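Please open your viewer and keep the sequence panel beside the structure, since each stop on this tour begins with something to select.

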Amino acid sequence: MDRKLDALRLNAGPALVVGSAPDATLPRGFDGTWSVVTVNASQGRLDGWGVETPTLTVLRNRIMEDEPHQNAVWTLLDGRSTDQLIMLASSRNEAKLRDGVSARGYDAGYISLLSDEQKGAVIHQLTGLIGVSCDLERGVSQGVFAALLALRVGAPAVVVTGVSFSSSDHFYDKWSQRAHLDGDRQVFQRAARRGLPIYAADDRFAEESGLPLWQV
């Protein structure tokens, strides 16, 4: 797993992690030195932000299944691209997943797979928590994992936007309810207690999550 993660490259500045909740905002001081990390269809948020291609994208397990929510993700990603792609997948067939991504009109310069066990290892390494990687009640969402992943691969600080504990839907699919709330709270509370450099982009999410507010 370390070899896969060590191959990822971020910019010199902080990393902006963009989730799929209805509200997202650019943090203070955002500029071209930052890395931009998107999850699932949150890349659609970048339109109008002056960011054409994310530095890193994380796609959820089951993304290849023919389901309304997964199809809504691919609809937004069609014709777009990312510099680097991490796929959280139970499948070990990397070639099949690569072909599946390409067939859906999405282009990635670098693609690698992480199993649920590898995802859990990253969470444990940074927070000390065990067994919170996939369960719907205690599991961790892609947005929260992406924040930890960005730290793991060298971001000096991570600022989170588009993640909410008070709104349960997605900006691109209001019929799909967000899960993982308990696990996400647990991870961010532990991150704050440990002093990890993970910040909320706005006052509302700082209050909800216990993360410090990003200030410049």
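The tour goes from the whole chain to its strands, then to a pair of helices, and finally to charged pairs.

**The whole chain**

Begin with everything selected, and bear in mind that this is a predicted model. In a cartoon view you can count 7 helices and 7 strands, and if you follow the chain from the N terminus, the elements come in the order α-β-β-β-α-β-α-β-α-α-β-α-β-α. The protein has 216 residues, of which 53% count as buried. Among the contacts between residues at least 6 apart in sequence, 66% join residues at least 24 apart.

**Strands β1, β2 and β3**

Next, select residues 35-39, which form strand β2, and ask how many of its residues are buried. The strand is mostly covered, with 5 of its 5 residues buried. If you show the side chains, you will find Ser-35, Val-37 and Val-39 pointing one way from β2, while Val-36 and Thr-38 point the other way.

Keep β2 on display and add β1, which pairs with β2 in the parallel sense over 4 bridges; to find one of these places, look for Val-18, whose bridge partner in β2 is Thr-38. Then add residues 56-59, which make up strand β3, and see that β2 and β3 also pair in the parallel sense, here over 3 bridges. On this side, Val-37 stands opposite Leu-56 in β3.

**Strands β6 and β7**

Now return to residues 15-18, which are strand β1, and add β6, because the tour continues there. These two strands run parallel and are joined by 4 bridges, and Val-18 appears once more, with Thr-161 as its bridge partner in β6. Which residues of β6, residues 158-161, point one way, and which point the other? Val-158 and Val-160 point one way and Val-159 and Thr-161 the other, and all of them are buried. Adding residues 198-200 brings in strand β7, which runs parallel to β6 and is joined to β6 by 3 bridges; here the bridge partner of Val-158 is Ile-198.

**A residue in β5**

For a short stop, select Ser-112, which has its place in strand β5, residues 107-114. This serine is buried, with a relative accessible area of 4%. Leaving aside residues up to four places away in sequence, Ser-112 touches Lys-4, Leu-85, Ile-86, Met-87 and Glu-94, and you can select these five together with Ser-112 to view the surroundings.

**Helices α4 and α5**

Two packed helices are described by the angle between their axes and the distance between the axes. Select residues 116-127 for helix α4 and residues 142-152 for helix α5, whose axes come within 10 Å and cross at roughly 65 degrees. The crossing is left-handed. To see the contact itself, show the side chains of Lys-119, Val-122, Ile-123, Gln-125, Leu-126 and Thr-127 from α4, and those of Gln-142, Phe-145, Leu-148, Leu-149, Leu-151 and Arg-152 from α5. Sorted by kind, the residues of this contact divide into 7 nonpolar, 3 polar and 2 charged.

Stay with α5 for a moment and switch on a surface for the rest of the protein. Why can α5 be called largely enclosed by the rest of the structure? A residue counts as buried when its relative accessible area is under 20%, and 11 of the 11 residues of α5 are buried, so the helix is largely enclosed. The buried residues of α5 include Phe-145 and also Arg-152. Just beyond, α5 is followed by Gly-154, whose phi is positive, near 115 degrees.

**Charged pairs**

Side chains of opposite charge can pair when their charged atoms come close. The structure holds 6 salt bridges, and one of them is found by selecting Asp-47 and Arg-80, where the closest N and O atoms are 3.0 Å apart. Asp-47 lies in the loop between β2 and β3, and Arg-80 lies in the loop between α2 and β4, so this pair ties together parts that are 33 residues apart in sequence.

Move on to Arg-62 and Glu-65, whose side chains meet in a salt bridge with an N to O distance of 3.3 Å. Arg-62 counts as partly exposed at 39% relative accessibility, and Glu-65 also counts as partly exposed, at 34%.

For the last pair, select Asp-202 and Arg-204, whose side chains meet in a salt bridge at 4.0 Å, N to O. Are these two residues buried or partly exposed? Asp-202 is buried, with a relative accessible area of 18%, whereas Arg-204 is partly exposed, with 28%. Finally, select Arg-62, Glu-65 and Glu-67 together, since salt bridges that share partners join these three into one network.

Definitions and conventions
Residues are numbered from 1 along each chain as its sequence is written. This is a predicted model: local features need pLDDT of at least 70, side-chain atom pairs count only at pLDDT 80 or more; totals for chains, interfaces and linings use all residues. Side-chain values use heavy atoms; hydrogens and water are left out. Axes are lines fitted to C-alpha atoms, for helices over the stretch in contact, and angles run from 0 to 180 degrees between N-to-C directions. A crossing is left-handed if the near helix is turned anticlockwise from the far one by less than a right angle, and right-handed if clockwise. Contact means heavy atoms within 4.5 Å. Ala, Val, Leu, Ile, Met, Phe, Trp, Tyr, Cys and Pro count as nonpolar, Asp, Glu, Lys and Arg as charged, and the others, Gly among them, as polar. Buried means under 20% relative accessible area, exposed over 50%, partly exposed in between (1.4 Å probe, protein chains only). Two strands pair if DSSP finds at least two bridges between them.
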